[in-house]
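Here are some friendly notes to read alongside the model. Keep the structure open and find each place as you go.

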Amino acid sequence: MEPVRVDVATPSRRYAITIGDGVLTRLTRLLDEVKAPKRRFVVSSPTVWRFHGERFAAACQAEPIIVPDGERYKQTPTVMRVYDALIKANAERSSTLVTFGGGVIGDLAGYAAATYLRGISLVHVPTTLLAQVDSAIGGKVGVNHPLGKNLIGAFYQPLAVVVDPAVLGTLPRREFRAGLYEVIKYGVTSSPSLFERVAHGHKAIFKREPEVLTAIISEACRIKADVVTQDEKESGLRRILNFGHTAGHALESVTKYRRFRHGEAVGYGMLVASELAVARGVMAPSDLQALYAVIASLGPLPPIGDITIPSILEAMKHDKKVIDGRLHFVLPTGIGSWSIVDDVTEKELKHALAKVGLKH
Ligand SMILES: NC(=O)c1ccc[n+]([C@@H]2O[C@H](COP(=O)([O-])OP(=O)(O)OC[C@H]3O[C@@H](n4cnc5c(N)ncnc54)[C@H](O)[C@@H]3O)[C@@H](O)[C@H]2O)c1
Ligand SMILES: [Zn+2]
């Protein structure tokens, strides 16, 4: 099967996402096509490199820089390790940095590429489902600060994104599911057909059949690409990507980022937003039921019965995306359509949070 190409056209750069089973083997050709400078480095993690380093090395000549991943390493000291390796290797401006890992590697190594010598060429080869459908697309790179997530960063678009669903074969099931919640997010905001595919095809999805994965990943990438094409720096439309993220971020933050994978918190967050929408009468209860059903079909989410509503309300007040003191919510108005509101009252929120199972 020929790979699928999805174009991303932001004001700062046009590039393609190439998606296909086994596409990693064509990496050198894809890099040459976009004229990625020939001195090439690959930043990866011990886990990813252990599983897929050999395949990468067979496909592309690049000098490996291996740094730890996992959220607690998404910090400036790890970026410094990438700089150290680049400097020791005398990497010049005309070098290419390929990121090969999940969202943590993509974000932190992408940030290193954006800042080393004021920017070298960047290509993402994401290896988690979340990175393939979300973090590798759109140019946001960065690291956490001890006082908050993703506070340090830049917009830096890659020359290309290369997505091979075959690498997902080794992904732990929980990580795989975490990515699927983001796929559902795209379905609810923008694509009834994608929503249906996940709702009715989860058996084949969980078998990680390459054609099935290629189809859902391509559709998700198309939606994200479309949104960032229209709104590179998140002044308007890009906000729809935050569906489920307002309550999701609050859940992550009150549990100190330990209980949930990000996608799992978004799973709950989408239910909270949808409960708000149903209570306002803008979403049909049957659509909400369909969302509950698809989320349940992916397997159990971590429990939330011990988390109190006031703690979530408090955490929401500190949301980075509060604009002029107002919380914005993306509310579905059906499967595949949405509205953004900024007038949700505390009473409405309490009701929605209780509905999904939080404690008074
Ligand atoms: N830049 C953006 O626009 C954007 C968007 C969404 C999320 N993010 C960021 O992405 C990060 C989360 O990314 P993530 O969910 O990919 O987590 P991650 O990068 O921590 O990867 C999760 C785990 O999977 C392992 N792994 C990766 N690929 C594997 C493979 N093919 N086989 C086996 N194991 C593999 C990793 O070693 C890690 O332990 C967060 O830091 C988040 O802020 C960024
Ligand atoms: Zn997300």
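What is the handedness of the crossing in which α11 passes α14? Keep that in mind as you start with the first point, and remember that this is a predicted model.

1. **Helix α11 and helix α14.** The crossing of α11 past α14 is right-handed. Helix α11 covers residues 262-279 and helix α14 covers residues 346-355; their axes come within 8 Å and cross at roughly 120°. That angle makes α11 oblique to α14, because angles that are not under 35 degrees, over 145 or from 65 to 115 count as oblique. To find the contact on screen, look for V272, E275, L276 and A279 in α11, which meet E348, H351, A352, L353 and K355 in α14. Sorted by class, this contact has five nonpolar, one polar and three charged residues.

2. **Helix α11 and helix α12.** Now turn to another partner of α11. Helix α12 (residues 285-297) packs with α11 at an angle of about 170°, and the two axes are 10 Å apart. The two helices are therefore roughly antiparallel to each other. On the α11 side of the contact are G267, M270, L271, S274, E275 and V278, and on the α12 side are P285, L288, L291, Y292 and I295. Here the classes divide into eight nonpolar, two polar and one charged. Notice E275: this residue of α11 meets α14, and it is also listed in the contact with α12.

3. **The surroundings of ligand 1.** How many residues surround ligand 1? There are 29, and the closest are G102, G103, V104, T128 and S135. The elements that give two or more residues to this shell are α2 (46-59), α4 (103-115), α5 (129-135) and α6 (173-190). By class, the shell has nine nonpolar, 13 polar and seven charged residues.

4. **A113 in helix α4.** Helix α4 also holds A113. Is A113 buried or exposed? It counts as buried, because it has 28 C-beta neighbours inside 10 Å. Leaving aside neighbours within four places in sequence, A113 is in contact with L97, I120, L122 and Y156. If you would like a long line to draw across the model, try A113 to S286: they are 173 residues apart along the chain, and their C-alpha atoms are separated by 46 Å.

5. **F41 in strand β3.** Strand β3 (residues 39-44) contains F41. F41 is buried, because 23 other C-beta atoms lie within 10 Å. Not counting residues up to four places away in sequence, F41 touches A62, E63, I65, L86, A91, S95, L97 and V98. Take A91 as an example: F41 and A91 are 50 residues apart in sequence, yet 8.9 Å apart in space, C-alpha to C-alpha. L97 is worth a second look, since F41 touches L97 and A113 is in contact with L97 too.

6. **Two residues with positive phi.** Finally, please check two backbone angles. R118, in the loop between α4 and β6 (121-126), has phi near 60°, a positive value in a residue other than glycine. R118 is exposed, with 7 other C-beta atoms within 10 Å. N150 is found in strand β8 (residues 148-155), and its phi is positive at about 50° although N150 is not a glycine. With 14 C-beta neighbours inside 10 Å, N150 counts as partly exposed.

Technical notes. Residues numbered from 1 in each chain as written. Chains lettered and ligands numbered in written order. Predicted model: local features only at pLDDT ≥ 70, side-chain atom pairs only at ≥ 80, totals over all residues. Near = placed C-beta within 6 Å. Helix = DSSP H or I, 4+ residues; strand = E, 2+ residues; numbered from the N terminus. Nonpolar A, V, L, I, M, F, W, Y, C, P; charged D, E, K, R; others polar. Buried ≥ 20, exposed ≤ 12 C-beta atoms within 10 Å, placed from the backbone. Contact = placed C-beta atoms within 7 Å. Axes fitted to C-alpha atoms, helices over the stretch in contact; angles between N-to-C directions. Left-handed = near helix turned anticlockwise from the far one by under 90°.
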